[in-house]
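Work through the exercises below with the sequence and the model side by side. Try each task before reading its solution.

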Amino acid sequence: MFLAAGKGDINTIIGGIAPNWGPFGSLGKEARVMIEVIMAVSILLCLAIAIWGAAKQRIGATALRDTFSAEQGKGLIVAGLTGVFIIGSLGTLFTIVYGMAV
């Protein structure tokens with residue numbers, strides 16, 4: 001049996017959302033891992049909010065004919081996806097702000 005994840009490690013999973021450390025390169029390894037884990041959990045939470053909003057919009061618009069629920073769903077979708085974008089770009093934003101200050 002061949003396991004695709006047999007060669008990978010945690011960096012394979014969270015490497016895509018880990019910030020470019022730039023000015024924060026002097027942080028310890030444990031602090032970096034903590035920040036990466038917090039970012040990953042936050043992104044998953046924001047995606048869950050967006051999925052919940054999509055379900056709320058779908059159920060409110062079709063099954064229950066509840067326009068208020070459908071509008072709440074739209075707001076949750078926008079909030080969740082905006083959160084994913086902001087969290088995903090925090091490393092870049094910090095590096096740009098730090099670079100402008102220096």
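**Exercise 1. Locate Ser-89 and decide whether Ser-89 is buried or exposed.**

Solution. This is a predicted model. Start with the position: Ser-89 sits in the loop between H3 and helix H4 (90-101). Next, take the accessibility. The relative value for Ser-89 is 16%. The cut-off for buried is under 20%. Ser-89 therefore counts as buried. Last, look for a polar partner. A polar atom of the Ser-89 side chain lies 2.9 Å from the backbone oxygen of Phe-85.

**Exercise 2. Place Gly-88 and state how far its C-alpha atom lies from that of Ala-40.**

Solution. Gly-88 belongs to helix H3. Its relative accessibility is 44%, so Gly-88 counts as partly exposed. Now go to the C-alpha atoms. Gly-88 and Ala-40 are 48 residues apart along the chain. Their C-alpha atoms are separated by 9.1 Å.

**Exercise 3. Find the salt bridge and explain how its two residues are placed along the helix.**

Solution. Begin with the principle. Side chains of opposite charge can pair when their charged atoms come close. Then count: the model has one salt bridge. Its partners are the side chains of Glu-71 and Lys-74, at 3.4 Å from N to O. The cut-off for such a pair is 4 Å. Now check the spacing. Glu-71 and Lys-74 are three residues apart in helix H3, so about one helical turn separates them. Finish with exposure. Glu-71 has 48% relative accessibility and counts as partly exposed. Lys-74, at 39%, is also partly exposed.

**Exercise 4. Describe the surroundings of Ala-50: which residues does Ala-50 touch?**

Solution. First, the element: Ala-50 is in helix H2 (residues 29-63). Second, the exposure: a relative accessibility of 9% makes Ala-50 buried. Third, the contacts. Leaving out residues up to four places away in sequence, Ala-50 touches Leu-76, Ile-77, Gly-80 and Leu-81. Fourth, one distance. Ala-50 and Leu-81 are 31 residues apart in sequence, yet 6.3 Å apart from C-alpha to C-alpha.

**Exercise 5. Classify Phe-68 by accessibility and give its C-alpha distance to Gln-57.**

Solution. Phe-68 lies in helix H3. Its relative accessible area is 55%. Exposed means over 50%. Phe-68 is therefore exposed. For the distance, take the C-alpha atoms of Phe-68 and Gln-57. They are separated by 9.1 Å, with the two residues eleven apart along the chain.

**Exercise 6. Compare the annotated spans with the model: which residues does the UniProt record cover as "transmembrane region"?**

Solution. Read the record first. The unreviewed UniProt entry annotates residues 33-55 and 76-101 as "transmembrane region". Then turn to the coordinates. Residues 33-55 are 100% helix and 0% strand. The end C-alpha atoms of this span lie 33 Å apart.

**Exercise 7. Summarise the fold, the surface and the confidence of the protein.**

Solution. Step one, the elements. The protein has four helices and zero strands. From the N terminus, the order is α-α-α-α. Step two, burial and surface. Of the 102 residues, 20% are buried. The protein exposes about 7,400 Å², with 72% supplied by carbon and sulfur atoms. Step three, contact range. Among contacts between residues at least 6 apart in sequence, 44% join residues at least 24 apart. Step four, confidence. The mean pLDDT is 75, and 67% of the residues reach 70 or more. Helix H1 (residues 10-14) has the lowest confidence, at a mean of 57. Helix H3 (residues 67-88) has the highest, at 87. Where pLDDT is low, the predicted coordinates should not be read in detail.

Technical notes: Residues are numbered from 1 along each chain as its sequence is written. This is a predicted model: local features need pLDDT of at least 70, side-chain atom pairs count only at pLDDT 80 or more; totals for chains, interfaces and linings use all residues. Side-chain values use heavy atoms; hydrogens and water are left out. Buried means under 20% relative accessible area, exposed over 50%, partly exposed in between (1.4 Å probe, protein chains only). Contact means heavy atoms within 4.5 Å. Accessible areas come from the Shrake-Rupley method with a 1.4 Å probe; for residues, only the protein chains shown count as cover. pLDDT is the predictor's confidence in each residue, from 0 to 100. UniProt positions are given in the numbering used here, feature names are shortened, and annotations may be inferred rather than shown by experiment. A polar contact is a pair of N or O atoms within 3.5 Å; within protein, one must be able to donate a hydrogen and the other to accept it, and residues adjacent in sequence count only if both atoms are side-chain atoms.
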